[in-house]
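Biologist: Could you take one part of this model and go through it slowly, in a way that a first-year student could follow? I would like to understand how the side chains there sit beside one another.

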Amino acid sequence: AREGSTRVLYLFAGSGLIVGGKAVQPGNVIQVRADAEIVLTNGDEASDMLLLQGQPMGEPVVHHGPFVMNSPDEIRATIIDYQRNGFGKWKFDSDAPVHPREAGRFAIHADGRKEVAP
């Protein structure tokens with residue numbers, strides 16, 4: 001791991017996990033050292049987790065909808081650019097989202113299992 005990296009482990013399903021001696025319940029995140037091994041001990045059922053690592057950008061971050069830039073002026077310019085040309089001419093007939101709003105939040109896993117957010 002590069003110096004200054006941050007590493008977090010997010011447990012989103014399972015019966016609990018022991019990470020470096022600390023209990024983590026589903027729906028929680030734990031920050032772990034990016035430069036050291038950690039021991040994971042799983043609970044009684046399979047766990048689903050996400051491990052993320054990165055370095056601070058050292059720059060301001062501004063977001064609006066799907067756009068992330070460094071300043072409000074850049075966000076405004078990006079929105080105008082998108083409205084003008086759709087970032088290189090959207091190839092589809094509609095700007096509508098792929099899934100209807102009433103579908104709510106869900107994930108389809110690689111094994112085909114569908115998980116719906118509570």
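Modeller: A good place to begin is His109, which touches Phe12, Asp48 and Glu115 when residues up to four places away in sequence are not counted. Please keep in mind that this is a predicted model, and that the contacts and distances below are computed from it.

His109 is found in the loop between β9, which covers residues 106-108, and β10, which covers residues 114-116. With a relative accessibility of 18%, His109 counts as buried, because that class takes in values under 20%.

From His109 we can step to Phe12, one of the residues it touches. Phe12 has a relative accessibility of 28% and therefore counts as partly exposed. The ring of Phe12 also has a partner in Tyr10: the two ring centres are 5.9 Å apart and the planes meet at 25°, so the pair is stacked, a word used here for planes under 30 degrees apart. The model has two aromatic pairs by this rule, and the pair of Tyr10 and Phe12 is stacked. Tyr10, at 33% relative accessibility, likewise counts as partly exposed.

Tyr10 leads us on to the surface, where Tyr10, Val29, Leu50 and Leu52 form a nonpolar patch whose accessible area together is about 350 Å². Leu50, a member of this patch, has its place in strand β6, made of residues 48-54, and its relative accessibility of 41% makes it partly exposed.

Next comes Ala13, which belongs to strand β1, residues 6-13. If we leave aside its neighbours within four places in sequence, Ala13 is in contact with Pro26, Ala46, Ser47 and Asp48. Ala13 and Ala46 show how a chain can bring together residues that are apart in sequence, since they are separated by 33 residues along the chain while their C-alpha atoms are 7.9 Å apart in space. Asp48 is a useful residue to remember from that list, because it is also among the residues that His109 touches.

Asp48 brings us to the charged side chains. Arg113 forms a salt bridge with Asp111, the closest N and O atoms being 3.6 Å apart, and salt bridges that share partners join Asp48, Asp111 and Arg113 into one network. In this network, Asp111 counts as exposed at 59% relative accessibility, whereas Arg113, at 37%, counts as partly exposed.

By the rule used here, the count of salt bridges comes to five, and two others can be set beside the network. In one of them, the side chains of Asp73 and Arg76 meet with an N to O distance of 2.4 Å; these residues are three apart in helix α1, residues 72-85, so about one helical turn separates them. Asp73 is exposed, with a relative accessible area of 54%, and Arg76 is partly exposed at 48%. In the other, Asp35 pairs with Arg33, with the closest N and O atoms 3.0 Å apart, and both Asp35 and Arg33 are exposed.

One further charged side chain completes the tour: Lys114 lies over the face of Phe106, at 4.6 Å from the ring centre. To return to where we began, His109 is in the loop between β9 and β10, and its contacts include Phe12 and Asp48, the residues through which we followed the stacked rings and the salt-bridge network.

Key
Residues are numbered from 1 along each chain as its sequence is written. This is a predicted model: local features need pLDDT of at least 70, side-chain atom pairs count only at pLDDT 80 or more; totals for chains, interfaces and linings use all residues. Side-chain values use heavy atoms; hydrogens and water are left out. Patches are made of residues with over 30% relative accessible area and no salt bridge: like charges are joined within 9 Å, nonpolar side chains (Val, Leu, Ile, Met, Phe, Trp, Tyr) within 5 Å. Accessible areas come from the Shrake-Rupley method with a 1.4 Å probe; for residues, only the protein chains shown count as cover. A salt bridge is a side-chain nitrogen of Lys or Arg within 4 Å of a carboxyl oxygen of Asp or Glu. Helices (H or I, at least four residues) and strands (E, at least two) are DSSP runs, numbered from the N terminus. Buried means under 20% relative accessible area, exposed over 50%, partly exposed in between (1.4 Å probe, protein chains only). Contact means heavy atoms within 4.5 Å. Rings of Phe, Tyr and Trp (its six-membered ring) pair if their centres lie within 6.5 Å; planes under 30 degrees apart count as stacked, over 60 as edge-to-face and the rest as tilted. A charge sits over a ring if NZ of Lys or CZ of Arg is within 6 Å of the ring centre and within 35 degrees of the ring normal.
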